[in-house]
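Student: Could you take a close look at one part of this model with me? I'd like to go through the cysteines and then what the interior is built from.

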Amino acid sequence: MTQQLNTLYKLMAMYTLSRVDFALTNSQISNVFLDLGYTNYFNVQYALGELIDAGLVHEDAYPDYRYYALTDAGQESIEALRSTLSASIRSEIDAYLLKMRLAFREALSSRAEYYRTTEGDWAVRCRVMEHSTALIDMTLTVPNETQAKIVSKEWKNSCQEIYALVIRRLTQPDHIDRIVAETESQEEEKETDKGQAGS
């Protein structure tokens, strides 16, 4: 691969990341290049590695995925160099991202990473993300790495259903009515106690 091509691939990777408002996985970025027939997987990895080393792209690494986003320096660079990419390349990348946007977002909305705790157990952090905000964020402790991997995988398959169940359970009308009634009763008791204390 020539230096000129490597520079082109780095610009294309930065342009791709600049056109979405969420981080992309390694495979998602690679698929842009592969599906559009620009280059092979290894050239994409080389370009990404150089962008990370140069501080233009930030990488978040987890056991199952690596997420990439532009740094502030990367954003400034692609804004200055955007016009050096041909209009046809930009148009092809834009069209691809538009077609794949929903699939990319759905894949990224669920995240699960597992790690060894100081007590020797394994913890699995399960999240549903909307942009950079966690809609749900919980950590489950399991006894071994095998179960941690299973929980991590199943979370990605079932998180939307679990999230909907939690929201429905915590916001169903009879549940809310009971909480409101209990709160009002507690406030009335406080007022009564204050009145008795003041008399």
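Student: Is Cys126 buried or exposed, and what is its relative accessible area?

Tutor: Keep in mind that this is a predicted model. Cys126 is buried, with a relative accessible area of 0%. Cys159 counts as buried too, at 2% relative accessibility. As for bonding, the structure holds zero disulfides, and Cys126 is in none: the nearest cysteine sulfur, the one in Cys159, sits 9.0 Å away. Seen from the other end, the closest cysteine sulfur to that of Cys159 is in Cys126, and because they are 9.0 Å apart, that's too far for a bond; the cut-off for a disulfide is 2.5 Å.

Now the interior. The largest nonpolar core has 29 residues, and among those with the most contacts inside it are Met12, Leu24, Phe33 and Ile93. Two or more residues apiece come from α1 (3-18), α2 (26-35), α3, β3 (66-70) and α5 (87-109), with α1 giving the most, seven residues. Take Phe33: setting aside neighbours within four places in sequence, Phe33 is in contact with Tyr9, Met12, Ala13, Tyr38, Thr39 and Val44. There's also a second, separate core of eleven residues, including Ala112, Val128, Ile136 and Trp155.

Helix α3 covers residues 41-53, and Tyr41 has its place there. Tyr41 counts as partly exposed because its relative accessibility is 38%. Together with Leu34 and Phe42, Tyr41 makes a nonpolar surface patch of about 330 Å².

Technical notes
Residues are numbered from 1 along each chain as its sequence is written. This is a predicted model: local features need pLDDT of at least 70, side-chain atom pairs count only at pLDDT 80 or more; totals for chains, interfaces and linings use all residues. Side-chain values use heavy atoms; hydrogens and water are left out. Patches are made of residues with over 30% relative accessible area and no salt bridge: like charges are joined within 9 Å, nonpolar side chains (Val, Leu, Ile, Met, Phe, Trp, Tyr) within 5 Å. Accessible areas come from the Shrake-Rupley method with a 1.4 Å probe; for residues, only the protein chains shown count as cover. A salt bridge is a side-chain nitrogen of Lys or Arg within 4 Å of a carboxyl oxygen of Asp or Glu. Helices (H or I, at least four residues) and strands (E, at least two) are DSSP runs, numbered from the N terminus. Buried means under 20% relative accessible area, exposed over 50%, partly exposed in between (1.4 Å probe, protein chains only). A nonpolar core is a set of buried Ala, Val, Leu, Ile, Met, Phe, Trp, Tyr and Cys residues joined through side-chain atoms within 4.5 Å. Contact means heavy atoms within 4.5 Å.
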